Amino acid sequence: MTKFIYRLKIGALCLGTLQFFLGCNPSGKDGGLFLPEGFSSVVVIDSIAETVRHMDVTDDNILYAKLRNAHENASVIALKDTNGDGYSDIVEKFGGKHQRARWSYATAMRIYNGYIYYSSDLVVYRHKLKPGTLIPEGDAEIVMKDDHEHGKHEHIGKPIAFDNKGYMYVPFGAPSNACQDPKRTPEAPGLDPCPQLEDHGGIWRFDANKLNQTQKDGYKYASGIRSVVAMNWNPVDEELYVVMHGRDDLLRLWPNTFSPWESAMLPSEEFMRVTEGSHFGWPYCYYDQMSGKKVLAPEYGGDGKIIGRCEEYEDPIIGFPGHWAPNDLIFYQGDAFPERYKNGAFITFHGSTNRAPYPQSGYFVGFVPFKNGKPSGEVEVFADGFAQVDPIVSVKDAVHRPMGLAVGPDGEMYISDSVKGKIWKVVFEGDKDTFGLEQLAQMEERKKLSHIRTPDKITDNLMKDDLVGGERIYYQYCSACHQKDGGGAPGRFPPLVGTDWVTGDKERLIEVMLRGMEGSLKIGEEVYNGVMPQHSFLSDKEIAEVLTFIRSNFGNEASVVETEAVSAIRKTQEASGTPIEPIQVTTE
């Protein structure tokens, strides 16, 4: 099957062999997801303007979801289906009164001990539930606040989990990719020891019922964990589990050590059983799921094969392919699904943004069977068809991206989407006693699609061999974030199309390249939190070429950037004698 056929895009069509490629549900139900035989999906709500992240469901079937782009009038949405058709006919938004005018990277929604707990990028809140009502009474209480002076940084998301002893677990993500200084700079070594591990790159444990805590009130439970969005407590073995986002940019930072294919496939997204005092090796090491071992990171002398000090750190229970972006995790305790799903782990793979020059990957809900508290098989495709296009060349090609998971009191599953704020309910209507490999066969076939399978090193490479000048520089250093088409990635990396930051003041644009940028950048109605690293390692000529390429492509028609202009600004910076700091931007 050729790429030409794969790129067909879905409308209202679900006919014949197209359903395999486009993600139509063979059961004919209106949810449009591709699921194992016997399962079906319905739409709970078609779209939410603020979009959504994590969710949870009360015992009386009220679905609470964390709004991704929360604002002063709303940070949580409550949904209720009163007539049993699956679609929510009562929808209410609330919260946000004491929170910032607009913030992104909001995540977390857990129901615990009569409260809903949810988070922004810097604060964990809770709201007391009142039985029989959708909207909690009173104001939200602050349970924990990230009071670091640096404020926001990359990997700032704060998912939460609760054990059975009254503790709440919160990760403090690493404020860098691999503890380089300057960060994300080609061939820059990592700080050794990494000082960021003192207050970041790990998981802290807090009293779930105590208010107004800061990090110092918590206990460092585990370390060496770069970035976590998917985290939950396993009630079977009573341990904490996370699926970590692995580090980025092997090709961009170490082009003489790693190939484009290796950079697309590695490092692993690590599924970890996190016990008290465990250390998983970030930033010194990463897990290679293809070789089945933890190896030394290039910032610390590694070449993709050397193990070195990595023997000291814990391995994951499973290593998933790189950049799949695991964003939620639940252990299924319901009785509505077939027995094979009982106590197993469901994981949303939100999908990659930085697999260039290969197609993006992930964008499905996976399932890992468990037996006696341990994985008993490889990851299965449970729900697919979110993206509605294959291959996914740029992240914005995906119509939907799976984000949050929740299980209702009757054992039904809810899946949220971060692009349009769509939510599905998945139910099982088949025969639980006869469900087996035959019913899973069509899902195994999904693994042949480019957004799941291992890419072919040659035929799946989307980069032309004859790139020169600014176009070559763009594809090597910029396309992983801003995408092949310059469209960016929602919430993370801003588009390069039709923005004054690109087509406006040339001196400011050069400053961004030389100094980098941190904070929250608002373009239109979207807020972007991805960090723009400095690119001062490029020559003046290279910076001028790549900026000229950007300003004259992707629909832009701005003037060229001259090498002399870059040289002048660089000389002024160097003559100042002060450290070159990133440009700070904020939506406030």
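This presentation covers the nonpolar cores of the structure above, one of its sheets, and two buried prolines.

Good morning, colleagues. Please keep in mind throughout that this is a predicted model.

I shall begin with the largest nonpolar core, which holds 31 residues. Within this core, the residues that touch the most other members are Tyr-474, Ile-510, Met-513, Ile-543, Val-546, Leu-547 and Ile-550. Several elements supply at least two residues each: helix H6 (469–477), helix H9 (506–515), helix H10 (540–551) and helix H11 (563–576), together with strand E32 (521–523) and strand E34 (583–585). The largest share is that of H10, with six residues. As a general remark, nonpolar side chains tend to be buried together in soluble globular proteins.

Which residues does Ile-543 contact, once its neighbours within four places in sequence are left aside? They are Met-513, Leu-514, His-535, Leu-538, Val-566 and Arg-570. Apart from the largest core lies another one, of 23 residues. Among its members are Trp-254, Trp-261, Cys-285 and Tyr-313.

I turn now to the sheet. Four strands make up an open sheet, ordered E1-E30-E29-E28, with antiparallel pairing. At its edges are strand E1 (39–45) and strand E28 (402–407), each of which pairs on one side only. From one strand to the next, the twist averages 25°. E1 is joined by six bridges to strand E30 (residues 423–428), and the two run antiparallel. Here Val-43 stands opposite Trp-424 in E30.

Finally, the two prolines. Pro-171 belongs to strand E12 (residues 167–172). Is Pro-171 buried or exposed? Pro-171 counts as buried because its relative accessibility is 3%, and the cut-off for buried is under 20%. With neighbours within four places in sequence set aside, Pro-171 is in contact with Gly-157, Lys-158, Pro-159, Gly-202, Ile-203, Val-228 and Met-231. Computed along the chain is not the same as across space, so to speak, and I give both values for one pair: Pro-171 and Glu-526 are 355 residues apart in sequence, and their C-alpha atoms are 25 Å apart.Pro-391 lies in the loop between strand E27 (380–383) and E28. Pro-391 is likewise buried, because its relative accessible area is 5%. Pro-391 and Leu-449 are 58 residues apart along the chain, and 7.7 Å separates their C-alpha atoms.

Thank you for your attention.

Key
Residues are numbered from 1 along each chain as its sequence is written. This is a predicted model: local features need pLDDT of at least 70, side-chain atom pairs count only at pLDDT 80 or more; totals for chains, interfaces and linings use all residues. Side-chain values use heavy atoms; hydrogens and water are left out. A nonpolar core is a set of buried Ala, Val, Leu, Ile, Met, Phe, Trp, Tyr and Cys residues joined through side-chain atoms within 4.5 Å. Buried means under 20% relative accessible area, exposed over 50%, partly exposed in between (1.4 Å probe, protein chains only). Contact means heavy atoms within 4.5 Å. Two strands pair if DSSP finds at least two bridges between them. Axes are lines fitted to C-alpha atoms, for helices over the stretch in contact, and angles run from 0 to 180 degrees between N-to-C directions.
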